[in-house]
Structure formats: structure tokens, C-alpha cells
There are 2 protein chains.
Amino acid sequence: MSLIVQKFGGSSVATDEKVRNVAKVITDTYKKGNNVIAVVSAQGDTTDELIEKANAINPNASKREMDVLLSAGEQISASLLAMAIEKMDFPVISLLGWQAGFSTNSVYGSARIKNIDTERLTSEIAKNNIVIVAGFQGIDKRDNITTFGRGGSDTTAVAIAAAVGADKCQIFTDVEGVFVADPRKIPTAPKLDEITYDEMLELATLGAQVLNNRSVEMAKKYNIEVEVLSSITNKPGTKIKEVIELEKMLIRGVTKDTDVSRIAVIKLPDVPGIAFKMFSKLAQKNINVDIILQSVGRDGTKDISFTVQRSHGEEAKKLLLEAFSEIDDDDIFVDNNVAKVSVVGAGMESHPAVASDMFEALYSANVNIQMIATSEIKISVLINEEDADKAVRAVYDKFFPNN
Amino acid sequence: MSLIVQKFGGSSVATDEKVRNVAKVITDTYKKGNNVIAVVSAQGDTTDELIEKANAINPNASKREMDVLLSAGEQISASLLAMAIEKMDFPVISLLGWQAGFSTNSVYGSARIKNIDTERLTSEIAKNNIVIVAGFQGIDKRDNITTFGRGGSDTTAVAIAAAVGADKCQIFTDVEGVFVADPRKIPTAPKLDEITYDEMLELATLGAQVLNNRSVEMAKKYNIEVEVLSSITNKPGTKIKEVIELEKMLIRGVTKDTDVSRIAVIKLPDVPGIAFKMFSKLAQKNINVDIILQSVGRDGTKDISFTVQRSHGEEAKKLLLEAFSEIDDDDIFVDNNVAKVSVVGAGMESHPAVASDMFEALYSANVNIQMIATSEIKISVLINEEDADKAVRAVYDKFFPNN
């Protein structure tokens, strides 16, 4: 008998019919002699609707009260899913985050799990109950409700799998797994059977949006094998694990990310420490900087370009203008018309040809590269946004000529 | 500085505007130097909508899961109300039932409060926070969510007032208080300034529907003065207390209740114990019997008539037919075309003329009386349903000739 943690996202439980379908997936697993803990997100657009309700009352509501409000979404879906399973005559119980033992810090809206007291979970499993856990929520040490932020239900599932020592952690989504490229753009792109944690982290960061990054980090930390698969089709998905079998496929994914702005600051005095001060200023305000390019400008000055999330572009400009007398409005530019295209693959560090193959593909497709960033397992380029799909196609065709 | 508990029903927080209005009532009270604990119900039709959602998934869902689902309604309204108060720049915090310390038994759907641990409530009050408590909910000893049933937020408010030793408990509704008769039927009916617990209990049972009965019982038990008043107009309401000032007004209310069926069982053998057995059978199934009339029939048999809630009429008939071989289908009748009209007043026990005045009024209005029941503070008659409004008017005019 195995103990399996399954997670179902909001779109998987958006309608009554989908709730019944999820109930069937869970009970089919249970019928095979497994114990099941199922983590569920709020139904469909519930979270957005609750946010709208809050905004109508108070657009600057405290994050504490937002968490009380939003956690009700998972409370509703968890109880409804339990009711659907009751209807099929299986023993089932729903638990909210705090009932399932989730203790967090007090950072409302993006709380971190500190501990899971598994007493209730294990006692329900011991009674052979199917357990439905409301995802994305816990309580702090003063019993205030906290939420984990978007994608938090993935984290809930992986954390439970780690805490109870589950045999499997399955993340059900509306796609069949992790693909080498976005299957909506490149329908022939093959699905990966396996991928390493690190590769998955790079792909998630790069906008593949299959799995929340914190959950992958947690899976890596506790070495939980996670499988991403479809709640509709009954096929094996993609397994995310520490080490994967040696495969011929060098590249694990080609992605694009359009949620990016390029900020250029020119004519900075060429003195030590200015770049450091700029980026620490941005970090204080939780603005993450990605690709950075520094070049010597004319007349003893230097230019620095970097990328941030698009929603942070104007804020970053404003912050730097306020904080540095050295920077004038004329010397700082925000370009939103950019996209990041990346290839990811754990094997590429020992294959220098990957970079040149990528650049060659982009050159052949007449795509101009503005910036380049590389890590051990990825190469990213910044290009014009309108070239992004063409660039992904060209790079994909270079590495997967037969698909 | 006083500590005031205020309760706002679902219709008082049904829209954004109404939520803001309630926030104003609370903060106006706070601004006068009082501490405020406000109990809130689910918004408008939320509870009914959640029940509908559940029925679509599983019409026979367990009461445990229903309580998880329904308690989300108060969670949403409590956080939204807190946000509205935050917007007005007052210090506020929302607490769910379990956070506010409500321990109950495990009777899901109609749980009884066992204890309130006031530690969190008093510590928030000590910080001068306005506290919003989600009504109608608590947890059992295994941390399962329980709800108190319809009207449970009234009970929440009175229970908190008792537990924290509040100076006042105000129940805000969409009427201005308790009236001598239904103001929709008799617009000139005067509002009562004060009423005793016992009178209020009789009026609530009789269908006045201003205040949940359990909350009045609890207020009586702990001697909490409760005021029923409107959340819209800024007028004093009706105070419910142990002893009220002697007033000229003998009659405290004239009410009608159409949620009633009359069941007649004829030709019962005239042997001891059969009535007792019948009513204990009904009691086992939680069917409350109200007015009972027993008469000797023909041929050494007897007839028994009694009233039950209309929704229990057919069920009661079925139960009695199954349980008693002495009763044939031909000998039991359910009449739904009845109504109960009552007068209530603590003073009437020493004024025998009240009954004769009431009967005279009904006779003059040509209303036929089927059954009569009296207690120390009320007289009820069972009449045809179509005569009910006419009967209330006639009785009212008899006792309040100048209104």
C-alpha cells in the first residue's frame, strides 16, 4: 500500500463536472489500494473574484485580511470535493491548512511554511480516510490565517509529501506534463518523461508556468519525486527528480518570457560601487534583476543595462531617479518591447556548441540579440518581443530537427 | 469606556454599500470611546448559494462537510467588513469562530457552544482593536468546524457578551425593534421599548422572527441585556431584559404563525398511555408538538389533535401510522390550512379578561376557533389560515384601540 499525494489546480475543479472528474481520479487511486491525500486550489476564478470583492471595498486592504478572505476559496473547493467523494461512497474528510497542521511565518500573502504537524493527517490516513487538504494556507504562531501566494497549492502538496514521507507526489494540471517547448506554439514538441529539479527551476523561472518554483525548490530540498500530469487524460506525465537517466536529448526546453523590461542607464560615472548600490536599492524593494550588461561608455562614463519583470519597469526607473543624483531623466530608458528566449538543459555545460548553435539559429532567422546571459544549464537571450515566437521556432528547429 | 457587542445580520452586509454602512455604525460606536466586538453573518444570500452549490454536487453531503462549506460565508463577510473599517483608518482585526475561542460539541449543523476561550478576544480589545467575529461557527474538541444553524450569529453575539462581560449587546436588523404586531400588516403598531426574555421567547416561537430563540435563552441564562435595533435608522430599539418597568401596556405582542399543521387522530382506544407513546415517538424524531387537544370520542374511543411545524406534518403522520397498529390511515388527518394567532404579555396571568377579550374580538370578526392553548404569558388560538390576518387585526384593535 502506497501513500500518494495528489494536487489539483483551480482549473481542474472549476465546474461541478470537473469536481466529479477529480473525485474519480482520487477514488480510482484509492481503489487500487493506495492512501490518498489530495490538495486542492480554489475553483476556477474564485480567487480573482474574491480579490475583486476586496478591491471594491478597500483597494489597500491589509494583507492579513486578504488572507482570511482568499483562504475561503480553498475552503469551499475542499469541502465540495469531499462531498463529491462522499457521493461515491468513499470515506473522506476535508482539512483546512491549519487543521492539516501547517505552521508558517507571519508574512501574509507569501508566507513560508515553518513546520507541518502531521498528527491529524496521519490519524485520518490510519482510519483509511481519503484526506482533502485546502491548499495554499496555514496559520502563524498567533493562529492568524496566512496564505502562500499564487501557486501555493503546489507547495502545500510537496510539503505534505515531504512531511508524511509519501511514496509519490502527483501534480495534476491541464497539460500532460513538461514539454520541450510550448505545445500551443509548437504542437510537435515532445513531452519530457523526466527532468531534473534544476532544469525545472530554470524552466519555471523562464515562464513555462507548469509548476510553482517554490514547490520545486522544496521537492529538491527533501528529494521528493514529483510528477506533473493531466487530470483529464490517463497518461504518464513528466517526473521531476534529482538525477535522470542519461538521454540523448541535450536540451530540455526552449522557452520564451515576455514578462520582461530592459532598463538602460547611460553616462554613469565610472567609479567603483555604483552598480552595487543601484542593485541593492532595487533589491530592498523586492525588484528582482535578471540579465545584467555593463559596458564602458564614452568620456570616462559607463552604461548599465538590466532586465526586470515588466510590472516593475517604471517603478525601478522612479526608484533609481530618486536615489541617485548621478542619474538624470535623460539617461535612463525603459524598454518594454523585449522578450527573453532561453534554452535549458543540464548537459549543456559540457557542450559549448549549444550556445553557438543557438546564436546561429537566431542569426539565420534574422533575429537581433540585445543581451546574453548564461548559466551552467541555460542560455538566455534578450530580443525584440515581436521576434519571440520566430526565435523559439528557429532555436527549436535547430535542436529538434526531426520533430 | 464600555465594551459593546454588536451583531449584524446577512441583509445588513448584503452589498458593498451596506458593508460600508455597518462599518460606519461600528466606528461611530468606537469613536465615542467604546470597545467594540462586532459579530457578522454571511452576506445576503451567500449561505443559500453555498447550499445550492453543495446540492448540485451531493444532495446528501455530510453535515461535517456542509459546516466547512457554510462557515466560509461568514469568513468572507468578516474579512470584507474588516477591510471596510481599515479603509476608515480604524484599528481592526477579524477572527473566525475558532480564533475567537468558540468550542462546541460535535453536532454539525446545530452545534451547541461548550466554552469560549476569551484570551484572543480580550488581548485584541486590550490593544484597542475593533474585533470582527465571524458568526455562527466554532470547532469541536477535534478541531472540526461546526456551525450553530440558522440564526446562529445571534447566539454568537450573546455568547460573546456573556463571556467577556460586555456592557451591551446590540442586535442590528432590518427592523427598528420588536413591534406589538407585524408592522408590514399593521403599520401603526407601536414598537416596544422593553420586553422580558420570556415574552421575547414566546414571540420568537410564535413567528415574530426578530431574534433567534437560542440567543434569547442564553441572554436570559446569563442575564445579558440585549437590544434589537435597526442598522439603518439611528433610533433606540427594543431592550430585552429580565424585569421591565411596569407599563400600562398589558399585551406585548399579537402574532400570527402560518408554519403550522394540525394533525387529528380519531377513534383511539381509550386506554392509558397511548398519548404519551405517540408524543414520545414524535419527540424521538425531533418533531416538536405544540398545542394538544384531547377529547372523548364516541364508543369508548378518544380523539387527539395537535399541531406541528408544517414541514413535519406528513412525516408525523407516517411515523404514527408505522408505529401504532391502533391507527389506521382513515383515522389520521393532516390539515395544513391553519394558522396560529397569539397574544403575549407578562402581565396577563393576573388579568383573566385578556382571554375573553381576545375571544370576543375573534367572534366579532367572525373567526372560528379550532383549538386554544394558554400559558402564563400567552394565549394562542388555532384558526383557518385565510382568517389569520383578519384575526390579528381584530385582536390588535381590541387591545390597542387608539393606534
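1. A good place to start is the contact between the two chains: 44 residues of chain B are in contact with 44 residues of chain A. Please keep in mind throughout that this is a predicted model. The area buried between chain B and chain A comes to about 3700 Å², and carbon and sulfur atoms give 56% of that area. On the chain B side, Ile57(B), Met83(B) and Trp98(B) lose the most area to chain A, together 19% of what that side buries.

2. The polar side of this interface deserves a look too. Between chain B and chain A the count is 2 salt bridges. A salt bridge at 3.6 Å, N to O, joins the side chains of Arg142(B) and Glu119(A). Across the interface of chain B and chain A, 24 residue pairs are found in polar contact, with both residues at pLDDT 80 or more.

3. Which elements of chain B each supply at least two residues of the side that touches chain A? They are helix 1 (16-31), helix 2 (46-57), helix 3 (63-87), strand 3 (92-95) and helix 4 (119-126) of chain B. Helix 3 of chain B gives the largest share of that side, 16 residues.

4. Now to the nonpolar interior. The largest nonpolar core has 80 residues, and Ile26(A), Ile132(A), Ile26(B) and Ile132(B) touch the most other members. Apart from that core lies another, of 68 residues, among them Ile171(B), Met200(B), Leu201(B) and Ala219(B). In soluble globular proteins, nonpolar side chains tend to be buried together.

5. Ile132(A) is worth displaying with its surroundings. Beyond its neighbours within four places in sequence, Ile132(A) is in contact with residues including Ile26(A), Ala38(A), Val40(A), Leu81(A), Ile85(A), Val92(A) and Leu95(A). Ser94(A) is also one of the contacts of Ile132(A).

6. Asp154(B) caught my eye as well. Asp154(B) sits in helix 5 (residues 152-164) of chain B. Is Asp154(B) buried or exposed? Asp154(B) is buried, because its relative accessible area is 5% and the cut-off for buried is under 20%. The side chain of Asp154(B) reaches the backbone nitrogen of Asn212(B) at 3.0 Å. Leaving aside neighbours within four places in sequence, Asp154(B) is in contact with Lys7(B), Ile171(B), Leu211(B), Asn212(B) and Ser215(B). Among these, Ile171(B) is also a member of the 68-residue core.

7. Finally, strand 13 (residues 253-257) of chain B: 4 of its 5 residues are buried, so this strand is largely enclosed by the rest of the structure. Strand 13 of chain B runs antiparallel to strand 18 (residues 338-344) of chain B, and 5 bridges join the two. Within this pairing, Thr255(B) stands opposite Ser342(B) of strand 18 of chain B.

Conventions
Residues are numbered from 1 along each chain as its sequence is written. Chains are lettered from A and ligands numbered from 1 in the order in which they are written. This is a predicted model: local features need pLDDT of at least 70, side-chain atom pairs count only at pLDDT 80 or more; totals for chains, interfaces and linings use all residues. Side-chain values use heavy atoms; hydrogens and water are left out. A nonpolar core is a set of buried Ala, Val, Leu, Ile, Met, Phe, Trp, Tyr and Cys residues joined through side-chain atoms within 4.5 Å. Buried means under 20% relative accessible area, exposed over 50%, partly exposed in between (1.4 Å probe, protein chains only). Contact means heavy atoms within 4.5 Å. Two strands pair if DSSP finds at least two bridges between them. Buried area is the accessible area (1.4 Å probe) that two parts lose on being put together, summed over both. A salt bridge is a side-chain nitrogen of Lys or Arg within 4 Å of a carboxyl oxygen of Asp or Glu. A polar contact is a pair of N or O atoms within 3.5 Å; within protein, one must be able to donate a hydrogen and the other to accept it, and residues adjacent in sequence count only if both atoms are side-chain atoms.
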